[in-house]
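Here are a few notes to read alongside the structure. Keep the model open and find each place as you go.

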Amino acid sequence: KTRMLIHRVAHLLARGVPAERILLLTFTRRAAQEMLQRCERLVGSASQRVAGGTFHATAHRLLRRYGPAAGVAADFTILDQGDAEDLMQLSRAALGLADKKSRFPKKETLHRVYSRHVNTEIPVGRILLDDYPQFAEREDEVLAVFCDYTARKAARNLVDYDDLLVFWATLLEASPELGRTIAGLYDHVLVDEYQDTNVLQARILRGMGGGHRNVTVVGDDAQSIYAFRGAHHRNILDFPHEFPGATVVTLEQNYRSRQPILDTTNAVIAQAAERYAKRLFSERGGIERPWLVSCRDEAEQTRFVVDRILA
């Protein structure tokens, strides 16, 4: 998938698309750097001007430039996770909810709930009921902490990681003129590992690509495993509906696994109620079928794998 995305960037450059008009979004800085380096080997130094980076880094860059137009001061300070949790604790204490005699979520739990709510748009009450049922009856107090936390950030000109995406989406949606200006910075938007995006990131992509609709994403609906941190598999499944006329290119050749493994995975994923139909194949043969091994716990599983490697 990644190789395809790199060649897509190289193809656009070869067609004469200015490098600075291409936005490449990834999930880690390392992935962005590696992609641009590989692209440079294909097409030369022109690829250095491609706007590449993580969603959060790109949001940071845009907010510094356009934030004041939406009421976000350009000299804001970014809170890392530890700082955000400490500020959440201040709100918790200010509202009298830090008393150890009462059972109330700790700062780390509060931050996880807040971040999940922001990135998935799932109501706080539903998150508490599903993941922290012991605190479900204290929803109103949790919401009060979040309100105080938000007010403290605003008063101190602070922005947390989640805010970066929220404000980017707001810049695109709140003002049609400002949204067109920001989306108009790029003629092509490309996203890696789209199955790992959350609802908020999908909103951003719709805003950035809504005008020109030159959007390319790569991903695998069968590899969506990050729901616990907000990823939503519907993003990749619904992409053709969000961008009518989209072409779906299926990459079925696998270069890592032998065919018996792929036969097994094909059989398993075929049972999914909704998916992109594909049948993986490999030119690497092999006759040994995969093993199904039951272990009591993770420690026993680890011992089994290590023993097999040593053998």
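**Notes on the model**

1. Let us begin with a single residue, bearing in mind that this is a predicted model. Ser-257 sits in the loop between α12 (239–242) and α13 (259–269). Is Ser-257 buried or exposed? Its relative accessibility is 18%, and buried means under 20%, so Ser-257 counts as buried. Apart from neighbours within four places in sequence, Ser-257 is in contact with Leu-262, Ser-282 and Arg-284.

2. Next, turn to helix α1, which covers residues 2–14. With 13 residues at 1.5 Å a residue, α1 should span 18 Å, and its end C-alpha atoms are 18 Å apart, so the expected and modelled values agree. Just after α1 comes Gly-16, with a positive phi near 100 degrees.

3. Which residues of α1 are buried? They are Leu-5, Ile-6, Val-9, Ala-10, Leu-12 and Leu-13. Looking down the axis of α1, you will find these buried residues within an arc of 160 degrees, so they line one face of the helix. The face turned away from that buried side carries the exposed residues Arg-3 and Ala-14.

4. What covers the buried residues of α1? The cover includes two strands written as β1 (22–26) and β5 (188–191), together with β6 (215–217) and the helix α2 (29–43). Try picking out each of these elements around α1 in the view.

5. Now for a pair of helices. Two packed helices are described by the angle between their axes and the distance between the axes. The axes of α5 (residues 107–120) and α8 (residues 161–174) come within 10 Å and cross at roughly 20 degrees. Angles under 35 degrees count as roughly parallel, and α5 and α8 are therefore roughly parallel to each other. Their crossing is left-handed. On the α5 side, Tyr-114, Ser-115, Val-118 and Asn-119 take part, and they meet Asp-162, Asp-163, Leu-165 and Val-166 in α8.

6. Finally, please look at two glutamates in loops. Glu-121 lies in the loop between α5 and α6 (124–131), and its phi is near 65 degrees, a positive value in a residue other than glycine. Because its relative accessibility is 39%, Glu-121 counts as partly exposed. Glu-193 is in the loop between β5 and α10 (199–209). Glu-193 is not a glycine, yet its phi is positive, at about 50 degrees. With 21% relative accessibility, Glu-193 counts as partly exposed.

Notes:
Residues are numbered from 1 along each chain as its sequence is written. This is a predicted model: local features need pLDDT of at least 70, side-chain atom pairs count only at pLDDT 80 or more; totals for chains, interfaces and linings use all residues. Side-chain values use heavy atoms; hydrogens and water are left out. Helices (H or I, at least four residues) and strands (E, at least two) are DSSP runs, numbered from the N terminus. The expected span of a helix is 1.5 Å times one less than its number of residues. Buried means under 20% relative accessible area, exposed over 50%, partly exposed in between (1.4 Å probe, protein chains only). The arc is that of the directions from the helix axis to the C-beta atoms. Contact means heavy atoms within 4.5 Å. Axes are lines fitted to C-alpha atoms, for helices over the stretch in contact, and angles run from 0 to 180 degrees between N-to-C directions. Angles under 35 degrees count as roughly parallel, over 145 as roughly antiparallel, 65 to 115 as roughly perpendicular and the rest as oblique. A crossing is left-handed if the near helix is turned anticlockwise from the far one by less than a right angle, and right-handed if clockwise.
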